[in-house]
Amino acid sequence: MANIRPLSLLLRLSRTRNSLAGITRHTPIRPLSNFSVQGPNLSLCKFLLQNRCFSSTGLPPHMVLGMPALSPTMNQGNIVKWKKKEGDKIELGDVLCEIETDKATLEFESLEEGYLAKIIAPEGSKDVQVGQPICITVEELDDIKKVQSDIPKETESKSETQTNETTQTDTELPADLPPHMVLDMPALSPTMNQGNIVKWRKKEGDQISVGDVLCEIETDKATLEFESLEEGYLAKILAPEGSKDVQVGQPICITVEGQDDIQKIPSNIFKKSESKQETKPTQTPQNDKQSNKSSSQNITKFTRISPSAKLLIKEHKLDESLINASGPRGTLLKGDVLNAIKSGTSVKKSTPVSKESSTVTKESSAVSTQKGKVADSFEDFPNSNIRKVIAKRLIESKQTIPHLYLSKDVTLDPLLAFRKELKEQHNVKVSVNDIVIKAVALALRNVPEANAYWNSEKDEASPCETVDISIAVATEKGLMTPIIKNADQKSLSAISSEVKELAEKARAGKLTPNEFQGGTFSISNLGMYPVDQFCAIINPPQACILAVGRGNTFVEPVIGSDGVERPTAVNKMKLTLSADHRVYDGQVSGKFFTELAANFSDMKRMLL
C-alpha cells in the first residue's frame, strides 16, 4: 500500500516481535524520516513518509504479507484455511486466513484495505517460517491482473519449493479425491518434535464432531488427547496404534465431509511414496559394487611399511595388498591398517589348516558359541519419549549450568510433633513432603532473590513473580514434575490434596501442559527410600532443586530445662541444595537455608 496508516503499522510491528518480519523486501515502504509518539495510549502518532513509491520490479503498488508471529514462541506456522480468495476485497479487520501456530489455530486479520491479488502459500502449507511471504495485496482492483502476470518468480519459486518439501503428501494425493482434510501429528508441547500414537479413540468410518478426541498421543512430557477442530468422518488412519517417533507435521489420518466420501479414499493412498522410497535401496547393491570396484582401483600400493602396521597385519592375518597407504612416499602406517580393520575392506589371508588344528578350532568355536549365547541373552526395553527428553535436558543442564551444592541437617522432631498434632486434634493428614513444600515456599517468599532464574537473553538473574514448586514424581515412563502453583499462599491441607491429585494424574499420564510446564523451584524427595543424602540435577530453566533424604536418629548432647546437658536422641534430615551459581551466591544460599531451617524448627511459621 502506498498510504499506510500509522496505527496499523504500529500494530504490525507489535505482532511481529518489534521487527519487520511480516513485511518483505517487495513492500513499497520507505524509511521513516520522522517518528514521534505522544501520550501513554499512543493517542497521537505522526509518521512522515516520503512520496508514493513503486516496486523496482515494475509491479503496481502492493504489499507482500509475511507469516506473522502470533505467539511469543512461534517461529513457523501452518496455513489451515484461507477465508479470502484471490480477487476478493479486503476491509480493515477482515480475517485473511487461519494459521496453526505452536499453541493453537488463530485468525490472521488484515490491517489494511485493498484486494487480495495473489496467494503465495496455499491451504495446507506446513512449517511456513515467520516472515516468509504468504500473500500479496494491492490497492486497486485493476492491479490484480498485473500482479498475477508479473509476480516475481523468486517469491513463487521459493514458496513452491518450501511448500513442496513440507507438504509432499498433498502433491502425492490423487486429484480425483473428494473434499478431504489431512490431519498431521500436532505439536502438543513447545518442545515436542515427535510423538507416539498410543490409542485411537475413533475408528475408520466414525463420525467426528468438534471437540471429539481422535487419539491419544504420547509426547515428550505426557500422554495427551488430540481433539478434532472440524466436523466430518474419519476416512483413513495413516499412523496406526503403536506408531513410534512420528514427526510433527507427518500425516496421521484423513477426514472427509460426507459419509459417502469414505469409500472414495483408497486404502493404498500413500503407497506410491513408499514404493518410490523402496526403489532407491534396491539400486544400492549395484552402486556398492561399482563403488567397491572404483575404490579397489584407487588403492595405492605401498613401498614401505611401519613396524606397528606390519605387526597388526600379522596379528589379524590381513591381505596387505588391499590396504591403502596414506603415509609419505607410499608408507603403510598403523592408522591405515586400523581404518581397514574398522571398514572391513581388508580380507584375511587363507592359510592351510591341518586336521589337528581343525578339531581344535571346532572345539573352540563350540565353546565360543555357548559363551556367545550366554552373553547375548538380554532383552531390550524401548525408551519412552519422556525418558529421551529427560536424558537430553539433564546432559544440557550439567554441561551449561554451573552447579553449586550446599547441604544442611534440619531437626525433624518439631515437624513430626506438629504432624501428629494435626492428625489427632484436627483430623488433618499431611505427609512430611507436604510440610517440606510449605516450608520451602515460605522461605522463597521471605528471600525473593532466591526465587529467580537465569535469563540467558539478558545475561542476568530475573526474579519470579510467583512461588511455584515443582514436585518430582516417578512414573513408569519417566520422571514427571507437576507444579504446585502459589504454594506460599496455600494451606497444608490444600497442598496435600493437590499433590495427591497431581501425582495420580502424572502416573496415569493425564497431566495437561499447564500442570507440568513452568515452576520456579523443584523438590526431589527420596526420604521413603534408604537414601541419606543425594545431589539432584537442576531442571532448566529453573535455578534450584532441593534434594531431601530420609530421617535418621542421632544421639546429641542437649541442655535441658534445668541447665544440665544430657545425651538425647534427635531425629534429623539432610537437605542438599543444587543451585545455579549464576543466580545463587554464598549470601543468597545462606539466607535461604537460614529461613528454611527456621521454618523446620518453629512450626508456627507454617500458619503465617
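Buried means under 20% relative accessible area, exposed over 50%, and partly exposed in between, with a 1.4 Å probe and protein chains only. This is a predicted model, in which local features need pLDDT of at least 70 and side-chain atom pairs count only at pLDDT 80 or more, while totals for chains, interfaces and linings use all residues. Residues are numbered from 1 along each chain as its sequence is written, and side-chain values use heavy atoms, with hydrogens and water left out.

**Whole chain**

Start with everything selected. The protein chain has 608 residues, of which 40% count as buried. There are 15 helices and 30 strands; these are DSSP runs numbered from the N terminus, helices being H or I of at least four residues and strands E of at least two. Among contacts (heavy atoms within 4.5 Å) with a separation of 6 or more, 64% are between residues 24 or more positions apart.

**Loop residue D245**

Select D245, in the loop between β16 (232-237) and β17 (246-247). D245 is not a glycine, yet its phi is positive, about 50 degrees. The relative accessibility of D245 is 32%, so this residue counts as partly exposed.

**Helices α7 and α8**

Next, select 307-316 and 334-343. These are α7 and α8, which pack with their axes 7 Å apart at an angle of about 30 degrees. The two helices therefore count as roughly parallel, the class for angles under 35 degrees (over 145 is roughly antiparallel, 65 to 115 roughly perpendicular, and the rest oblique). Axes are lines fitted to C-alpha atoms, for helices over the stretch in contact, and angles run from 0 to 180 degrees between N-to-C directions. Show side chains for S308, A309, L312, I313 and H316 of α7, and for K334, V337, L338 and I341 of α8, which make the contact. By class, six of these residues are nonpolar, two polar and one charged. Ala, Val, Leu, Ile, Met, Phe, Trp, Tyr, Cys and Pro count as nonpolar, Asp, Glu, Lys and Arg as charged, and the others, Gly among them, as polar.

**The six-stranded sheet**

Now colour the strands β21, β30, β29, β28, β24 and β27, which form an open sheet in that order with mixed pairing. Two strands pair if DSSP finds at least two bridges between them. At the edges are β21 (403-411) and β27 (483-484), each paired on one side only.

Work inward from β21. Nine bridges join β21 to β30, and the two run antiparallel; Y405 stands opposite S578 in β30. β30 and β29 are also antiparallel, over 14 bridges, and C544 stands opposite A579. Five residues separate β29 from β30 in their hairpin, where G563 has a positive phi near 85 degrees.

β28 (521-525) pairs with β29 (544-559) in the parallel sense over four bridges. N525 has V548 of β29 as its bridge partner. In the loop between β28 and β29, select P541: the peptide bond from P540 to P541 is cis, with omega near 5 degrees.

**Helices on the sheet**

Add 432-446. This is α12, which lies across β24 (469-471), β28, β29 and β30 (565-580), at about 155 degrees to β28. Then add α15 (586-601), which packs on the sheet and touches β21, β28, β29 and β30, its direction making about 25 degrees with that of β21.

**Last stop: N486**

Select N486, in the loop between β27 and α13 (492-508). Its phi is near 55 degrees, a positive value in a residue other than glycine. N486 has 28% relative accessibility and so counts as partly exposed.
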